[in-house]
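Trainee: Could we take a close look at a single strand in this model? I would like to go through its surroundings step by step, and then move on to some other spots in the chain.

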Amino acid sequence: MKEYKYKINGNSYKVTIGDIEDNIAHVEVNGTHYKVEMEKQPKPAAKPVTVRPMPNAPAAPTQVVKPAAPASGKSGVKSPLPGVILDIKVNVGDAVKKGQTIGVIGGTGSGKSSLVNLIPRFYDVTKGEIYIDGVNVKDYRIEALREKVGIVLQKAQLFKGTIRDNIRWGKKDATDTEIMEALDIAQAREFVEKKDGKLDSFVDQGGKNLSGGQRQRLTIARAVVRKPDILILDDSASALDYATDAALRKSIREMKDAPTLFIVSQRAASLMHADRIIVLDDGNVAGIGTHEELLENCEVYQEIYYSQFQKEKEA
């Protein structure tokens, strides 16, 4: 692990470069964790890390997430794939209020991850705008924006070290009490406490000595420990059984100052109790509403739901 310090436009930055796995470097900038894809070279050479602060950035406010665009328009989204533009309609209706749960569902390649990844600016819209508490996400300093957002991906990324070390990637000064609370919310406390070393138990690189469900729960705990204003679970409970998945969602809702929760899932059961569900189909919004409303008027949602609950359809 290498540490660098930079000073740009009067702002100080502490950059820590950790393990590199499968050409992905794990980088921490002022306490915020990023994954950076490295260029493939026969003999990889260290590359400088450039941090460009955004001018006139406001302090991080905490109220609503509001995607905005003309009702009939689409937003060109810069894809991680060079030269590819994803057309995603981003007008998802009324503002999303703090503490609400928003579900995102759709087929493979429909744009689910692309939509939620616009919130922390993993890439940007080229048309339309996204606001958090009335402030365009592009007007935040990038580190302040991502400090507000916790995101958990389907492929759990864990690092060589103890369970405590891995959770502290979310909040490096987290106390053991805070870590255990986060593990409790993530439904991970029980299996951690059964280990001889508990928080000092060793985790292999990539979490190879843990099950898929255990890895996912630890990464959720890592996101929860810093109590983000917005929590995005991007198909990150796919390895959990339905009971554990339900208990996880209940624990998050019952958190003090519960975050605004975005759940991307292929499971209709994981989204049924969301305040609003966004149904995507080939980059377009096919429907928005509650579970009951979508069962009445959204053909795409009906197909997804009844493919998973066939007995109800037959009844």
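Trainee: Which residues of β15 lie on one side and which on the other, and are they buried or exposed?

Mentor: Happy to walk through that with you. First, a word on the ground rules: this is a predicted model, in which local features need pLDDT of at least 70 and side-chain atom pairs count only at pLDDT 80 or more, while totals for chains, interfaces and linings use all residues. Residues are numbered from 1 along each chain as its sequence is written, and side-chain values use heavy atoms, with hydrogens and water left out.

Now to your strand. On one side of β15 sit T260, F262 and V264, on the other L261 and I263, and all of them are buried, leaving both faces covered. Buried here means under 20% relative accessible area, exposed means over 50%, and partly exposed is in between (1.4 Å probe, protein chains only). The strand itself spans residues 260–264 and is mostly covered, with 5 of its 5 residues buried. Strands are DSSP runs of E with at least two residues, helices are runs of H or I with at least four, and both are numbered from the N terminus.

T260, a residue of β15, counts as buried because its relative accessibility is 1%. From T260 you can also see how the fold brings remote stretches of sequence together: T260 and G99 are 161 residues apart in sequence, yet their C-alpha atoms are 4.2 Å apart in space.

Next, the neighbours. Strand β8 (residues 101–106) pairs with β15 in the parallel sense, over 4 bridges; a pair of strands needs at least two DSSP bridges between them. Within this pairing, V104 stands opposite V264 of β15. Strand β14 (residues 230–234) is also a parallel partner of β15, this time over 5 bridges. Here L231 stands opposite L261, and the bridge partner of D234 in β15 is V264. V264 therefore faces D234 in β14 as well as V104 in β8.

Strand β14 deserves a look too. Because 5 of its 5 residues are buried, β14 is largely enclosed by the rest of the structure. I230, I232 and D234 point one way from β14, L231 and L233 point the other way, and all are buried. Beyond its pairing with β15, β14 runs parallel to strand β11 (residues 149–152), to which 4 bridges join it. In that pairing G150 has L231 as its bridge partner, so L231 has a partner in β11 and stands opposite L261 in β15.

Let us turn from strands to charges. Side chains of opposite charge can pair when their charged atoms come close. The structure holds 12 salt bridges, each being a side-chain nitrogen of Lys or Arg within 4 Å of a carboxyl oxygen of Asp or Glu.

One of them links D200 and R164, whose closest N and O atoms are 2.3 Å apart. This pair ties together distant parts of the chain, 36 residues apart: D200 is in the loop between α5 (189–194) and β13 (202–203), while R164 is in helix α3 (residues 163–167). R164 counts as buried because its relative accessibility is 16%, whereas D200, with a relative accessible area of 47%, is partly exposed.

Another salt bridge joins R168 to D176, with the closest N and O atoms 3.9 Å apart. R168 is partly exposed at 27%, and D176 at 35% is partly exposed as well. R164, R168, D176 and D200 are in fact linked in a network of salt bridges.

Helix α3 also holds I167, which is buried because its relative accessible area is 1%. The C-alpha atoms of I167 and M180 are separated by 9.8 Å, and the two residues are 13 apart along the chain.

Finally, compare a salt bridge elsewhere: R121 pairs with D124, with the closest N and O atoms 2.8 Å apart. R121 is buried, with 16% relative accessibility, and D124 is buried too, with a relative accessible area of 19%.
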